[in-house]
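Me: I should like to take a close look at one part of this structure, namely its sheets and the strands that form them. Please describe that part in a connected way.

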Amino acid sequence: MAEPILLDGKALATRIENRLIERVERIKQRTDGIIPILATILVGDDPASATYVRMKGNACSRVGMGSIQLKLDADIDTRTLLEEIDQLNDNPDVHGILLQHPVPPQIDERACFDRIALAKDVDGVTSQGFGKMAMGEFAYGSATPAGIMTLLHEYGIDIEGKHAVVVGRSAILGKPMAMMLLAANATVTICHSRTQDLPRLVRQADILVGAVGRPQFIRGEWIKDGAVVVDAGYHPGGIGDVELEAIRDRCSAWTPVPGGVGPMTIATLIAQTVDAAERHYEITA
Ligand code: NAP
């Protein structure tokens with residue numbers, strides 16, 4: 001069997017960022033100094049969410065973009081958050097909006113996601129964007145699965161006709177992941193908490209995506225030799241949703257944790273913001 005391929009998301013994210021620097025510069029030159037701006041909204045003070053938002057802001061700075069970082073109290077209501085989103089939708093300086101998931105339980109997260117203007121939905125969280133993407137029309141893809149697709153394409157992973165098994169069906173990860181793999185002509189199985197005999201289904205995967213949110217929940221012994229293993233999970237201590245140690249010598253390709261899916265999510269978000277700014281100012285290469 002050929003040597004397993006390390007799907008190095010960190011290295012690819014760096015290459016993507018380097019290309020973005022030039023695109024940001026071009027936008028600046030063609031607009032008399034305007035730079036793409038990503039607005040991030042953090043509700044409450046969950047430390048992990050605060051870290052993710054900070055990392056996204058840092059990535060904006062690295063490519064020469066701007067960011068506006070809104071920090072709202074944990075006890076705000078849905079209406080207040082909707083008003084903040086309306087203001088960002090109306091702000092011509094803002095090209096992309098990210099509402100950090102999850103929001104506190106009293107807030108209707110779906111309503112807030114869906115309030116984001118489609119043209120600024122660079123994190124791909126709106127129902128309309130999902131629907132368009134699923135129908136093969138243009139919309140920004142949900143950042144994590146879109147980043148995974150970029151990673152698979154970059155490394156030349158063959159998707160067409162393969163059996164892809166996605167474990168997890170969340171709105172931001174499992175569901176859009178399944179639709180993107182389907183669009184790439186995989187045969188897709190989506191598994192979730194009520195799935196019966198998960199190991200049997202995982203064993204069938206040519207391409208496996210772990211998006212369960214439980215540390216090393218997907219056991220190495222469930223995974224067949226030669227599978228492509230994408231671990232979208234991230235838990236404290238730098239472990240994912242898949243028992244990677246057990247398969248990395250006998251799979252055909254795998255994403256490390258950290259350094260696989262995580263950096264690609266951020267690179268995708270900022271790339272989609274640059275894209276939104278280019279579309280807004282009708283800038284082409
Ligand atoms: P989530 O909203 O909690 O969804 C978890 C999914 O896993 C649900 O669909 C759930 O099924 C399913 N599930 C739970 N227990 C299961 C079981 N015993 N058997 C089969 N399926 C089960 O999580 P998420 O937001 O999609 O995130 C998933 C993972 O990805 C987490 O580890 C998270 O940290 C990571 N993540 C990483 C990034 C990144 O940028 N690297 C971004 C987002 C998320 P039900 O629908 O039936 O409840």
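Reply: The account below treats one sheet, then another, and ends with the cysteines.

This is a predicted model, in which local features need pLDDT of at least 70 and side-chain atom pairs count only at pLDDT 80 or more, while totals for chains, interfaces and linings use all residues. Residues are numbered from 1 along each chain as its sequence is written, and side-chain values use heavy atoms, with hydrogens and water left out.

Helices (H or I, at least four residues) and strands (E, at least two) are DSSP runs, numbered from the N terminus. Two strands pair if DSSP finds at least two bridges between them. In general, strands of a sheet pair through backbone hydrogen bonds, either parallel or antiparallel.

One open sheet contains six strands in the order E1-E9-E8-E7-E5-E6, and its pairing is parallel. Its edge strands are E1 (5-6) and E6 (187-191), each of which pairs on one side only. Within this sheet, E7 (residues 207-210) is joined to E8 (residues 228-231) by four bridges in the parallel sense, and Gly-210 stands opposite Asp-231 in E8. E7 also runs parallel to E5, again with four bridges; here Val-165 has Leu-208 in E7 as its bridge partner.

Both faces of E7 are covered. Ile-207 and Val-209 on one side, and Leu-208 and Gly-210 on the other, are all buried, where buried means under 20% relative accessible area, exposed over 50%, and partly exposed in between (1.4 Å probe, protein chains only). Helix H7 (residues 174-183) lies across E5 (163-167), E6 and E7, and runs at about 170° to E5. Contact means heavy atoms within 4.5 Å; axes are lines fitted to C-alpha atoms, for helices over the stretch in contact, and angles run from 0 to 180 degrees between N-to-C directions.

Another open sheet has three strands in the order E3-E2-E4, with parallel pairing. E3 (66-72) and E4 (96-99) stand at its edges with a single partner strand each, so one side of each has no neighbour in the sheet. From one strand to the next, the twist averages 15°. E2 (residues 37-43) pairs with E3 in the parallel sense over seven bridges, and Leu-42 has Lys-71 in E3 as its bridge partner.

Finally, a search of the whole structure finds zero disulfides, a disulfide being a pair of cysteine sulfur atoms within 2.5 Å. Cys-60 is buried at a relative accessible area of 1%, and Cys-112 is buried at 0%.
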